[in-house]
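Dear colleague,

I am handing over the structure below, and I would be glad if you could look through it alongside the notes that follow.

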Amino acid sequence: MTTEKKVGAFLEITMYVNESDRAAAAAVYTKYRQPFLEDISGAVSKQLLVRKDDVQVLHGFTSVAEAEGYLTSDLFNQDVVVELKPYFQAAPDVRIYSVVG
């Protein structure tokens, strides 16, 4: 029987990407979604959210410490950021939220 992990924190990364580059940026999201869920400690979920003004990736973790740890991981810094960086129109906005209750 599989026990579902409870989300205790969210990492929200807002990226400013031209509309013409969004398909390429979404491909990076798709490429690294499963490795994130399988290999990153405490990873629970990952969703891509698209708005007119920006693109957000919402990562669910079991704790704030694990969300912070992902930001220093090789997967994040050597793979995801390297592949997304050419599409950034401005520095991403990175926020970590605790889930209360």
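Six of the seven residues of strand E3 are buried in this predicted model, so the strand is largely enclosed by the rest of the structure. E3 pairs with E1 in the antiparallel sense over seven bridges, and it pairs in the antiparallel sense with strand E2 (residues 43-50), again over seven bridges. A hairpin of four residues leads from E2 to E3, and in the pairing of these strands Gln47 has Leu58 of E3 as its bridge partner.

His59 may be a useful residue to start from, since it is found in E3, which covers residues 55-61. Its relative accessibility is 2%, and because buried means under 20%, His59 counts as buried. Opposite His59 stands Leu11, and Leu11 is also among its contacts beyond the neighbours within four places in sequence, which include Phe10, Phe36, Lys46 and Tyr70 as well.

Turning to helix H3 (residues 74-84), you will find that its buried residues are Leu75, Phe76, Val80 and Leu84. Seen down the axis of H3, these residues fall within an arc of 80°, and they therefore line one face of the helix. They pack against strand E1 (9-15), helix H1 (22-39) and helix H2 (64-70), whereas the face of H3 turned away from this buried side carries Gln78 and Val82, which are exposed.

With kind regards

Methods. Residues numbered from 1 in each chain as written. Predicted model: local features only at pLDDT ≥ 70, side-chain atom pairs only at ≥ 80, totals over all residues. Heavy atoms only, no water. Helix = DSSP H or I, 4+ residues; strand = E, 2+ residues; numbered from the N terminus. Buried < 20%, exposed > 50% of the residue type's maximum accessible area, 1.4 Å probe, protein only. Contact = heavy atoms within 4.5 Å. Arc of directions from axis to C-beta. Pairing = 2+ DSSP bridges.
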